[in-house]
Amino acid sequence: MTGSSTPADMPVDEDRRGAEEKDLNRPQINLRLILVSGKTKEFLFSPNDSAADIAKHVYDNWPMDWEEEQVSSPNILRLIYQGRFLHGNVTLGALKLPLGRTTVMHLVARETLPEPNSQGQRNREKTGESNCCVIL
């Protein structure tokens, strides 16, 4: 994982500095994460980073101004992109996010994800469609 939000004034050893400089040459995606409270923070990630990697990085580097929203575990952090919850194994590259540009996602605390077909089921209920048949 290459997520970073390290303050510039923190000491960096020489080995780590070299790795960070190499990371800067790799394509990165800038994510602006928005909490329910409206607070935002930007992080840099690799296209190979998954939603689970991002949740762990954010949890481990929780911004000081988000202190009131601190969660108990990275396992309950969920990303929402274009109105859909991202499952933990989905990578940023799979979403075809633009490199070098800012992408906005919502970050919420939620124990479980909704069922994948729950939205489709609600739509069928509204339209009166049914997947069953009646034999007379």
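## Strand S1, wrapped up

Buried here means under 20% relative accessible area. By that cut-off, five of the six residues of S1 are buried, so this strand is largely enclosed by the rest of the structure. Bear in mind that this is a predicted model.

S1 runs over residues 29–34, and it has a strand partner in both S2 and S5. With S2 the pairing is antiparallel, over six bridges; with S5 it is parallel, over five bridges. To pick out a rung of each ladder: Asn30 bridges to Leu44 in S2, while Ile34 bridges to His106 in S5.

## The hairpin turn

S1 and S2 make up a hairpin, with five residues between the two strands. Have a look at Gly38 in that turn, which has a positive phi of about 100°.

Lys39 is worth a glance too, thanks to Asp65. The C-alpha atoms of Lys39 and Asp65 are separated by 8.3 Å, though the two residues are 26 apart along the chain. Asp65 sits in the loop between H2 and S3. Is Asp65 buried or exposed? Neither, quite: its relative accessibility is 48%, so Asp65 counts as partly exposed.

## One face of H2

Now for helix H2, residues 51–60. Its buried residues are Ala51, Ile54, Ala55, His57 and Val58. Looking down the helix axis, you'd see them fall within an arc of 165°, so they line one face of H2. That's a familiar sort of pattern: an α-helix has 3.6 residues a turn, so residues three or four places apart point the same way.

What sits on top of those buried residues? The cover includes S1, S2, S3 and S5.

## The core they share

The largest nonpolar core has 22 residues. At least two of them come from each of S1, S2, H2, S3 (77–81) and S5 (102–109). H2 gives the largest share, at four residues. As a general matter, nonpolar side chains in soluble globular proteins tend to be buried together.

Which members touch the most others? Leu31, Leu33, Val58, Met105 and Leu107 do. Val58 is also one of the buried residues of H2.

Met105 deserves its own tour. Setting aside neighbours within four places in sequence, Met105 is in contact with a run of residues, Leu31, Arg32, Leu33 and Ile34, that falls within S1. Leu79, Ile80 and Tyr81 are also among its contacts, and those lie in S3. Leu86, Leu92, Leu95 and Leu97 are on the Met105 contact list as well.

Technical notes: Residues are numbered from 1 along each chain as its sequence is written. This is a predicted model: local features need pLDDT of at least 70, side-chain atom pairs count only at pLDDT 80 or more; totals for chains, interfaces and linings use all residues. Side-chain values use heavy atoms; hydrogens and water are left out. A nonpolar core is a set of buried Ala, Val, Leu, Ile, Met, Phe, Trp, Tyr and Cys residues joined through side-chain atoms within 4.5 Å. Buried means under 20% relative accessible area, exposed over 50%, partly exposed in between (1.4 Å probe, protein chains only). Contact means heavy atoms within 4.5 Å. Two strands pair if DSSP finds at least two bridges between them. The arc is that of the directions from the helix axis to the C-beta atoms.
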